[in-house]
Amino acid sequence: MKYQDIPLINNEAMHNFELIVDGNRAFIDYKLKGDKIYLIHTEVPVEMEGNGVAAALVEKAFNYIEERHLKIVPLCAYIIAYLKRHPEWKRLLAIAE
């Protein structure tokens, strides 16, 4: 995976997972409630688009979430599309109540 050497930052104060690439910040907004993490919005700066940054960010975030035994509630269109392309991650989906 491209960007594997760049650490994921969990900016808890801003409720963001962040990836800083060449001084640019890509992020996923989230809200944590109990053991569920609501993934609200993914944003990649225009100058970084098309370079696989968003996919790397999502994959790192999913690994982080899985290590902490959390479940995801995808509200972001990009994350929903990513899950369609990578069905192996559907194991992280929270069961709807």
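Which elements make a right-handed β-α-β unit? In this predicted model, strand 4, helix 1 and strand 5 do. The views below start from the sheet and end at a pair of rings.

**View 1. Five strands build an open sheet.** The strand order is 1-2-3-4-5. The pairing is mixed. Strand 1 (9–11) and strand 5 (71–74) are the edge strands. Each of these two pairs on one side only. From one strand to the next, the twist averages 30 degrees.

**View 2. Strand 1 meets strand 2 in the antiparallel sense.** Strand 2 covers residues 16–21. Three bridges hold this pairing. Asparagine 11 has asparagine 16 of strand 2 as its bridge partner.

**View 3. Helix 1 packs on the sheet.** This helix spans residues 53–67. Helix 1 touches strand 1, strand 2, strand 3 (24–33), strand 4 (36–43) and strand 5. Its direction makes about 135 degrees with that of strand 2.

**View 4. Helix 2 also packs on the sheet.** Residues 77–85 form this helix. Helix 2 touches strand 3, strand 4 and strand 5. The direction of helix 2 makes about 115 degrees with that of strand 5.

**View 5. Strand 4 and strand 5 run parallel.** Four bridges join them. Leucine 39 stands opposite proline 74, a residue of strand 5. The two strands belong, with helix 1, to the right-handed β-α-β unit.

**View 6. Helix 1 crosses helix 2.** Their axes come within 11 Å and cross at roughly 80 degrees. Helix 1 is therefore roughly perpendicular to helix 2. On the helix 1 side, the contact residues are Ala54, Ala55, Val58, Glu59 and Phe62. They meet Tyr78, Ile79, Tyr82 and Leu83 of helix 2. By class, this contact has eight nonpolar residues, one charged residue and no polar ones.

**View 7. Phenylalanine 17 and tyrosine 64 form an aromatic pair.** A search of the whole structure finds five aromatic pairs, and this is one of them. Two values describe such a pair: the distance of the ring centres and the angle of the planes. Here the centres lie 5.2 Å apart, with 65 degrees between the planes. The arrangement is edge-to-face. Phenylalanine 17 lies in strand 2 and tyrosine 64 in helix 1, so the pair ties together parts that are 47 residues apart in sequence.

Technical notes. Residues are numbered from 1 along each chain as its sequence is written. This is a predicted model: local features need pLDDT of at least 70, side-chain atom pairs count only at pLDDT 80 or more; totals for chains, interfaces and linings use all residues. Side-chain values use heavy atoms; hydrogens and water are left out. Two strands pair if DSSP finds at least two bridges between them. Axes are lines fitted to C-alpha atoms, for helices over the stretch in contact, and angles run from 0 to 180 degrees between N-to-C directions. Contact means heavy atoms within 4.5 Å. Angles under 35 degrees count as roughly parallel, over 145 as roughly antiparallel, 65 to 115 as roughly perpendicular and the rest as oblique. Ala, Val, Leu, Ile, Met, Phe, Trp, Tyr, Cys and Pro count as nonpolar, Asp, Glu, Lys and Arg as charged, and the others, Gly among them, as polar. A crossover is right-handed if, with the strands pointing away from the viewer, the path from the first strand over the helix to the second runs clockwise. Rings of Phe, Tyr and Trp (its six-membered ring) pair if their centres lie within 6.5 Å; planes under 30 degrees apart count as stacked, over 60 as edge-to-face and the rest as tilted.
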